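Here is a short walk through a protein structure for someone seeing it for the first time. We start with one side chain and work outwards to the pockets and the strands.

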Amino acid sequence: MSDPHKCKPEHVRVEAMAHDKRKPEILKAELVAESRLFKVESLHLKFSNGEERVYERMRGGNRGAVMVVPLFDAHTLLLVREYAAGTHSYELGFPKGLIDPGEDAFEAGNRELMEEAGFGARDLVPLKQVSLAPGYFSSRMDILLARDLYPEQRVGDEPEPLEVIPWPLNRIDELLARPDFTESRSISALLLASKWLAEQES
């Protein structure tokens, strides 16, 4: 027997999508759990059709984050390998980090590049701002392509030196197939950078 309270999907053409769709009203918001790094917030929501639900989300500090795809030369990207506590493994990815107070995404990207890969960039190209699990997290990340690199090392907050690995652009399929290249933001960054570079050649 079907549930009469279950909403059916609403089929809408792309051209007819409502850009001004009214967001749910937040009837109540409260902090339900907190650790040194994370805060969990409970939201009592009322939707435009009258339905009410309680959602939980990670409450962020709204600082934002940045990830940088370093183009070492016309044929080579730079990757870093670092420890990931969530999976208790070493992962390949791109330099990344939080945007510090007073920084914009470009300043933060260049700083993270210097701290994690030992290079600065004279040119940073914005590729896209992405979110991670927007149903639960409010944070966003700016993905940048770094070009015209020069050596410059700054001290970061990593507990151990990161391995910096040059990766040929003509071996991207091999990188995507690796079991230690799994972070969705790094995969997105790689595909966005590949698309941007292909457009420059056309």
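Let's begin with Glu183, whose side chain makes a polar contact with the side chain of Arg185, at 2.5 Å. Keep in mind that this is a predicted model. And where does Glu183 sit? Its place is in the loop between helix H2 (172-177) and helix H3 (184-201). Leaving aside residues up to four places away in sequence, Glu183 touches Met67, Glu91 and Lys96.

Two of the names you just met turn up again in the largest pocket, which holds about 2000 Å³ of space. Its lining is made of 48 residues, and the closest to the centre are Phe38, Lys96, Gly97, Leu98 and Arg185. So which elements supply at least two residues each to that lining? Quite a list: strand S5 (76-84), strand S6 (89-93), strand S7 (96-98), helix H1 (105-117), strand S8 (119-131), strand S9 (140-151) and H3. Sorted by class, the lining has 17 nonpolar, 13 polar and 18 charged residues.

Now for the second largest pocket, with a volume of about 360 Å³. Here 14 residues form the lining, and Leu43, Leu45, Arg57, Pro134 and Gly135 are the closest to the centre. Strand S2 (39-46) and strand S3 (52-58) each supply at least two residues of this lining. The largest share, three residues, comes from S3. By class, the second largest pocket is lined by nine nonpolar, two polar and three charged residues.

S2 and S3 are also part of a sheet, so let's go there next. Three strands make up this open sheet, in the order S1-S2-S3, and their pairing is antiparallel. Why is one side of S1 and of S3 left without a neighbour in the sheet? Strand S1 (25-34) and S3 stand at the edges and each has a single partner strand, so one side of each has no neighbour there. On average, neighbouring strands of this sheet are turned by 20° against each other, ignoring direction. As a general point, strands of a sheet pair through backbone hydrogen bonds, in either a parallel or an antiparallel way.

How do the strands of this sheet connect along the chain? A hairpin of four residues joins S1 to S2. In the hairpin of S2 and S3, five residues lie between the strands, and one residue to look for is Gly50, which takes a positive phi near 95°.

There is pairing beyond this sheet too: strand S4 (residues 65-73) pairs with S9 in the parallel sense, while S8 and S9 pair in the antiparallel sense. You may remember S8 and S9 from the lining of the largest pocket, where each supplies at least two residues. The table puts the strand pairs side by side.

| Strand pair | Sense | Bridges |
|---|---|---|
| S1 and S2 | antiparallel | eight bridges |
| S2 and S3 | antiparallel | seven bridges |
| S4 and S9 | parallel | six bridges |
| S8 and S9 | antiparallel | eleven bridges |

If you'd like to trace some of these bridges residue by residue, here are a few to find. Between S1 and S2, the bridge partner of Glu25 is Lys46. Moving on to S3, you'll find Glu56 as the bridge partner of Ser42 and Val54 as the bridge partner of His44. Two more partners lie in S9: Ala146 is the bridge partner of Pro70, and Tyr150 is the bridge partner of Gly120.

Note on methods: Residues numbered from 1 in each chain as written. Predicted model: local features only at pLDDT ≥ 70, side-chain atom pairs only at ≥ 80, totals over all residues. Heavy atoms only, no water. Polar contact = N/O pair within 3.5 Å; in protein donor to acceptor, adjacent residues only side chain to side chain. Contact = heavy atoms within 4.5 Å. 1 Å grid on protein atoms, 1.4 Å probe; cavity = no way out; pocket = protein on both sides within 12 Å on 5 of 7 lines; lining within 4 Å. Points joined across faces, edges and corners; volume = space filled by probe spheres on them. Nonpolar A, V, L, I, M, F, W, Y, C, P; charged D, E, K, R; others polar. Pairing = 2+ DSSP bridges. Axes fitted to C-alpha atoms, helices over the stretch in contact; angles between N-to-C directions.
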